[in-house]
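Visitor: I have a model open in front of me and would like to go through its architecture with you. Could we begin with a detail of strand pairing and then work outwards?

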Amino acid sequence: MGQPSPVAQDSPTGQDSPTEQDHAAAGHAEPAARSPYAEHTARLTRSLAHALVSENDDAELAETVRALATRLLDASEAPAAVTVDDPHPRSGFRRDITPITSAVNPLAPPMAIRREGDESVSDVALPLQYQGPPARVHGGIVALMLDQVLGNAAHSTGLPGAYTRELTITYDAATPLDRPVQVVGRIDRVEGRKRFMSGEVLVDGAPSARAHGLWISPR
Ligand SMILES: CCCCCCCCCCCCCC(=O)SCCNC(=O)CCNC(=O)[C@H](O)C(C)(C)COP(=O)(O)OP(=O)(O)OC[C@H]1O[C@@H](n2cnc3c(N)ncnc32)[C@H](O)[C@@H]1OP(=O)(O)O
């Protein structure tokens, strides 16, 4: 079996952390502290997800995975016995468990979002497990990436927390797998509780998908 395709940077999001009020408004408690064990396991699970949808075979790797699965099972029964270094130590970062930017959620590539001027930006290359039509990223995943990056931009200015109220995606062209694409989002205008947002997925600088959306803060 070949190496899994490179996934997005295995790092946290750069996304603004939700406040305690955000968590309270969202109806859940503050997540538990970060776990390096969870983060490493998520990385492994991403690689396994890629291996499962690939059609390659490699007996030596299969044996390595079998041994690792045994070790992981032991570790899950006695997690304190396993010592790992946190590759992304941060202080004060609340744990991100979203299925798109989280380092510890294996459903997430994960995307890392940064600020560039007035925009939120993420460079990402999605591997095979995000495929829709052959060689193309699934349209729902494209919408997920845009939702997250526009949401990041909506929260980037110190404005209160807001939810996606409306999100329209226009798919102009294929978003390719296994190639770097750039996801960009920005605030177009603010009207009271409403933030009107826009963004794109760029492939070699040209939009493969465009998004327009409305984010609203709860009353
Ligand atoms: C607290 C925040 C927490 C944030 C956590 C961050 C973590 C990030 C994690 C990642 C998250 C990733 C992202 C996610 O997954 S976000 C999760 C997915 N989204 C949701 O769950 C949101 C569901 N919707 C709601 O909860 C409510 O609708 C909210 C709270 C948003 C507003 O409820 P509210 O009861 O206040 O209002 P309303 O819904 O009756 O709407 C009525 C208003 O909207 C106006 N309107 C409607 N359409 C349009 C239009 N096209 N052009 C212009 N205006 C338009 C309309 O005129 C009216 O305005 P006005 O007459 O009042 O002036």
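Visitor: Which residue of β2 does R114 stand opposite?

Guide: The model is a predicted one, and the answer comes from the pairing of two strands. β1 covers residues 114-116, and 3 bridges join β1 to β2, residues 119-124, with the two running antiparallel. Within that pairing, the residue in β2 that R114 faces is V121.

Visitor: In what order do the 6 strands form the open sheet?

Guide: The pairing in this sheet is antiparallel. β1 and β3 (163-171) each have a single partner strand, so they stand at the edges and one side of each is left without a neighbour in the sheet. From one strand to the next the twist averages 25 degrees. Read across, the order is β1-β2-β4-β5-β6-β3.

Visitor: Which helix packs on the sheet, and what angle does its direction make with that of β4?

Guide: The helix touches β2, β3, β4 (181-191), β5 (194-203) and β6 (206-216). The buried residues of this helix have a cover that includes β2, β3, β4, β5 and β6, and among those buried residues are V142, M145, L146, V149 and L150. The helix is α4, residues 139-154, and its direction makes with that of β4 an angle of about 50 degrees.

Visitor: What span should the 16 residues of α4 have, and how far apart are its end C-alpha atoms?

Guide: The expected span follows from a rise of 1.5 Å a residue, taken over one less than the number of residues. For the 16 residues of α4 this gives 22 Å, which agrees with the distance between its end C-alpha atoms, 22 Å.

Visitor: Which residues of α2 are buried?

Guide: Helix α2 comprises residues 36-53, and its end C-alpha atoms are 26 Å apart, in agreement with the span its 18 residues should have at 1.5 Å a residue. To count as buried, a residue needs 20 or more other C-beta atoms within 10 Å of its own. In α2 the buried residues are E39, A42, R46 and A51.

Visitor: Which residues does UniProt list for "domain: Thioesterase"?

Guide: The elements of the protein run α-α-α-β-β-α-β-β-β-β from the N terminus on. The span that the record lists is 25% helix and 43% strand, and its end C-alpha atoms lie 11 Å apart. According to the UniProt entry, which is unreviewed, that domain covers residues 137-201.

Conventions:
Residues numbered from 1 in each chain as written. Predicted model: local features only at pLDDT ≥ 70, side-chain atom pairs only at ≥ 80, totals over all residues. Pairing = 2+ DSSP bridges. Helix = DSSP H or I, 4+ residues; strand = E, 2+ residues; numbered from the N terminus. Axes fitted to C-alpha atoms, helices over the stretch in contact; angles between N-to-C directions. Contact = placed C-beta atoms within 7 Å. UniProt positions renumbered as here; feature names shortened; annotations may be inferred. Buried ≥ 20, exposed ≤ 12 C-beta atoms within 10 Å, placed from the backbone.
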